[in-house]
Amino acid sequence: MHANSESIGMPLAQSWRIQRRVIWALFLREILTRYGRHNIGFLWLFAEPMLFTVAVTALWTATKAVHGSSLPIAAFAVTGYSSVLLWRNMPSRCIKALEPNLSLLYHRNVRPFDIYIARLMLEASGATISFVVLVLFFHFLGWVDFPEDFLQVAAAWCMLAWFGASIALFFGALSESYESIEKLWHPTSYILFPLSGAAFLVDALPAEAQHYVLMLPMVHGVEFLREGYFGSKIVAHYDIAYMALLNTIFTLLGLAQVRKVSRAVVPE
Amino acid sequence: MIRLTNVDKVYPTRSGPVRILREVNLTINPGERVGILGRNGAGKSTLIRLVSGAELPTSGHVERHMSVSWPLAFGGAFQGSLTGLDNLRFICRIYGTNPDDKIAFVQEFSELGIYLREPVKSYSSGMRARLAFAISMVIEFDCFLIDEIIAVGDARFHEKCNYELFAKRGDRAMIIVSHDSGYIREHCTRAAVLAAGELHHFDNTEDAFAFYHEEAMLAA
């Protein structure tokens, strides 16, 4: 029996095995091509987001950033900026992701979807490790307490990751057909950052502004996360059902677009 | 067995859709070696990619009831920023094979020495070709798809390749795309000609060559 015998109507279990194998191979390859074997190598995976978050924390501390609560700035920054990195880097990495990987598509079992998933897993692991390590480190320094509700923080983190992954699939696949997506994503993500709830609590905004800002799905995720983290110390505004609905819509649009791209893509 | 049924392939271009393949039917049985002839741009590589599953047909069906290789060509299917060894490991992971007992073969066959641990983009085209062929021989398939594989390299290397492909794997099915008529005559049991998007089948290679030359004359 030779490797990879296949026909129409392959059992689901076998497809799943192949898919896992391919995604894992792409994941390892992605780490190698992005971080290489020089200096700290794959540690950059989370060192990079950590540096970002630490720099923002330092900046906000130095400027005594006004965020509308009595929470310590470090705690505020680590929850807020980590969330931004989680959902914002995923689309950035998935836009135009196929081009450098076109030669790999010569292998039948490597599909565009696998390339996206491998990159999403990499982004999610980097942001998550960075978040956890920073919370531990800041706790060690005595700057932040541990979350009041670990489970809620984890759930909120997953919601934000889902949001990031769904828009990443959608914009990533769309960027293969429309080059302007790449150009538009940068200014959009730049504008979305201050609006995303990373740098303020919704409760501190005027009622009118709250209404508008709560149209953005990631704001719900960040508020939910902060409630889990700080619990009684803040008043959070969120509607997880609303966020889940938008996530679902983006996921479906994304999967449809990935399917379309998969049918049209030409290996190089 | 591999079977293509009424396969069409259309590519979008700035001047509208172009149909590269029309109503192509092809059946490959285990052990058969089929040559594909056709002028430049006739769609030979497209056909090979459709058989391999790397691309999907616009309409029609491709069935694979045996394991089929990726289109083996000198160069493609590799990542330039990775080392030869990383590429070997990647391919092994994708196809679910343990790379550890393959390293020695690739090292020996490719004659790359220490360069196996250098990025592929630093290789000469000859080195790339040797690596590509060596890695291609690491995964076993029932059917090998060969796209102009003897285009590069010296005579001794060709001999090594031919031994691996046709002596050690003489029982496998193969689809061979080549401009070299001698190569197709020597290694194929039958041949087909791609012309104007249609695939013309011939029971023996001589008839295929006769048709191919005639068609080439008419076009010229």
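This dialogue goes through a predicted model with chains A and B, feature by feature.

Colleague: How many residues does each chain bring to the contact between A and B?

Modeller: In general, the size of an interface is often quoted as the accessible area lost when the parts come together. Here we have residue counts: chain A contributes 24 residues and chain B contributes 30. On the side of chain A that touches chain B, helix H1 (residues 12–35) of chain A gives the most, with 7 residues. By type, that side of chain A divides into 11 nonpolar, 8 polar and 5 charged residues.

Colleague: Staying in chain A, what span should the 14 residues of helix H8 (residues 217–230) have, and what does the model show?

Modeller: The yardstick is 1.5 Å a residue, which gives 20 Å for H8(A); the end C-alpha atoms are 20 Å apart, so the two agree. As for cover, 14 of the 14 residues of H8(A) are buried. Just after H8(A) comes Gly231(A), with a positive phi of about 55°.

Colleague: And helix H5 (residues 150–177) of chain A: how far does it reach from its first C-alpha to its last?

Modeller: H5(A) has 28 residues and reaches 41 Å, close to the 40 Å expected at 1.5 Å a residue. Of its 28 residues, 21 are buried, so H5(A) is largely enclosed by the rest of the structure.

Colleague: Take a single residue. Is Met90(A) buried or exposed?

Modeller: The test is a count of other C-beta atoms within 10 Å, and 20 or more means buried. Met90(A) has 28 of them and is therefore buried. Met90(A) sits in helix H3 (residues 73–94) of chain A. Setting aside neighbours within four places in sequence, its contacts are Leu120(A), Glu123(A), Gly164(A), Ala165(A) and Ala168(A). Ser262(A) is 172 residues away from Met90(A) along the chain, and their C-alpha atoms are separated by 20 Å.

Colleague: Now chain B. In what order do the strands of the 6-stranded sheet lie?

Modeller: The order is S5-S6-S7-S3-S8-S9 in chain B; the sheet is open and its pairing is mixed. The edges are strand S5 (68–72) and strand S9 (198–202) of chain B; each has a single partner strand, so one side of each lacks a neighbour in the sheet. From one strand to the next, the twist averages 15°.

Colleague: Which helix packs on this sheet?

Modeller: Helix H7 (residues 205–219) of chain B does, touching S3, strand S8 (190–195) and S9 of chain B. The direction of H7(B) makes about 20° with that of S8(B).

Colleague: How do I read the surroundings of S7(B), and which of its residues lie on each side?

Modeller: In a regular strand the side chains alternate between the two faces of the sheet. In S7(B), Ala173(B), Ile175(B) and Val177(B) are on one side, Met174(B) and Ile176(B) on the other, and all are buried, leaving both faces covered. The pairing can be read on each partner in turn. Strand S3 (residues 33–37) of chain B runs parallel to strand S7 (residues 173–177) of chain B, joined by 4 bridges. Within that pairing, Val34(B) stands opposite Ile175(B). Strand S6 (residues 143–147) of chain B also pairs with S7(B) in the parallel sense, over 5 bridges. There, Cys143(B) has Ala173(B) as its bridge partner.

Colleague: What is the strand order in the 3-stranded sheet of chain B, and what is its pairing?

Modeller: That open sheet has the order S2-S1-S4 (chain B) with antiparallel pairing. Strand S2 (16–28) and strand S4 (59–64) of chain B are the edge strands, each pairing on one side only. Ignoring direction, neighbouring strands are turned by 30° against each other on average. Strand S1 (residues 2–13) of chain B pairs with S4(B) over 5 bridges, and Arg3(B) stands opposite Glu63(B) in S4(B). Helix H1 (residues 44–52) of chain B lies across S1, S2 and S4 of chain B, at about 125° to S1(B).

Colleague: Last, a helix pair. At what angle do helix H3 (residues 103–110) and helix H4 (residues 125–136) of chain B pack?

Modeller: The angle is about 145°, and the axes are 9 Å apart. The crossing of H3(B) past H4(B) is right-handed. From H3(B), Val106(B), Phe109(B) and Ser110(B) meet Arg130(B), Leu131(B), Ala134(B) and Ile135(B) of H4(B). The residues of this contact divide into 5 nonpolar, 1 polar and 1 charged.

Definitions and conventions
Residues numbered from 1 in each chain as written. Chains lettered and ligands numbered in written order. Predicted model: local features only at pLDDT ≥ 70, side-chain atom pairs only at ≥ 80, totals over all residues. Contact = placed C-beta atoms within 7 Å. Helix = DSSP H or I, 4+ residues; strand = E, 2+ residues; numbered from the N terminus. Nonpolar A, V, L, I, M, F, W, Y, C, P; charged D, E, K, R; others polar. Buried ≥ 20, exposed ≤ 12 C-beta atoms within 10 Å, placed from the backbone. Pairing = 2+ DSSP bridges. Axes fitted to C-alpha atoms, helices over the stretch in contact; angles between N-to-C directions. Expected span 1.5 Å × (residues − 1). Left-handed = near helix turned anticlockwise from the far one by under 90°.
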